[in-house]
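Let's walk through this one together, from the overall picture down to single side chains. Keep the viewer open as you read.

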Amino acid sequence: LEAVVKGQQYFSKDILRHLNISKEPSSQVLNELTLTERNVLELIAKNKTTREISQMLFVTIKTIEKHRTNIRVKLGLDSRSYSLLVWVKENYKLFI
């Protein structure tokens, strides 16, 4: 409730477990991401769309979609975009 009052998103442990999302990211897992993948993940954390990210990084939308897929695989996330967004929101502190 406290997170919601502060305007943050809240996801129950059951939802996170269903989406196969860990609350405690390993720095080792994050180190497996390339610099570009980390940049894309940071932009996702800033609520940028795939199109916006592609324009900011001067690459195609398909390139960003591939980066998003690679990030999900490396983080062990479900194949749905929603799980990546939830992971980023839950771990936003890693990007500030």
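A word on terms before anything else: buried means under 20% relative accessible area, exposed means over 50%, and partly exposed is whatever falls in between, using a 1.4 Å probe and protein chains only. Helices are DSSP runs of H or I with at least four residues, strands are runs of E with at least two, and both are numbered from the N terminus. What you're looking at is a predicted model, where local features need pLDDT of at least 70 and side-chain atom pairs count only at pLDDT 80 or more, while totals for chains, interfaces and linings use all residues. Residues are numbered from 1 along each chain as its sequence is written, and side-chain values use heavy atoms, with hydrogens and water left out.

Now the overview. The chain has seven helices and zero strands, so to speak α-α-α-α-α-α-α when you read along the sequence. It has 96 residues, and 32% of them count as buried. Call two residues in contact when they have heavy atoms within 4.5 Å. Among contacts in the chain with a separation of 6 or more, 59% are between residues 24 or more positions apart. The accessible surface, by the Shrake-Rupley method with a 1.4 Å probe (for residues, only the protein chains shown count as cover), comes to about 6,500 Å², and carbon and sulfur atoms own 53% of that.

Let's start the close-up with α6. This helix has 15 residues and reaches 21 Å from its first C-alpha to its last, close to the 21 Å expected at 1.5 Å a residue; that expected span is 1.5 Å times one less than the number of residues. Its buried residues are Ile64, His67, Arg68, Ile71, Arg72 and Leu75. Looking down the axis of α6, you'd find these buried residues within an arc of 135°, so they line one face of the helix. The arc is taken from the directions that run from the helix axis to the C-beta atoms. Turn to the other side of α6 and you meet Lys62, Lys66 and Val73, which are exposed.

Arginine 72 is worth a click. It sits in helix α6, and it counts as buried because its relative accessibility is 10%. Its C-alpha is 6.4 Å from that of leucine 84, with the two residues 12 apart in sequence. Just after α6, glycine 76 takes a positive phi of about 70°. Carry on to arginine 80, in the loop between α6 (61-75) and α7 (81-90). Arginine 80 is partly exposed, at 37% relative accessible area, and lies 9.2 Å from threonine 69, C-alpha to C-alpha, at a sequence distance of 11 residues.

What covers the buried residues of α5? The cover includes α4 and α6. The residues in question are Thr50, Ile53 and Ser54, and they fall within an arc of 100° seen down the axis of α5, so they too line one face of their helix. Over on the other side of α5, Arg51 and Gln55 are exposed. Methionine 56 belongs to this helix, residues 50-57, and is partly exposed at 42% relative accessible area. After α5 comes phenylalanine 58, with a positive phi near 60°.

Finally, the charges. A salt bridge here is a side-chain nitrogen of Lys or Arg within 4 Å of a carboxyl oxygen of Asp or Glu, and the whole structure holds two of them. One joins the side chains of glutamate 37 and lysine 74, at 2.8 Å from N to O. Glutamate 37 is in helix α4 and lysine 74 in helix α6, so the pair ties together parts that are 37 residues apart in sequence. Is glutamate 37 buried or exposed? It counts as buried because its relative accessibility is 3%, whereas lysine 74 is partly exposed at 27%. Leaving aside neighbours within four places in sequence, glutamate 37 is in contact with Glu32, His67, Asn70, Ile71 and Lys74.

The other salt bridge pairs lysine 46 with glutamate 42, with the closest N and O atoms 3.4 Å apart. Here lysine 46 is partly exposed at 43% relative accessibility, and glutamate 42 is partly exposed at 27%.
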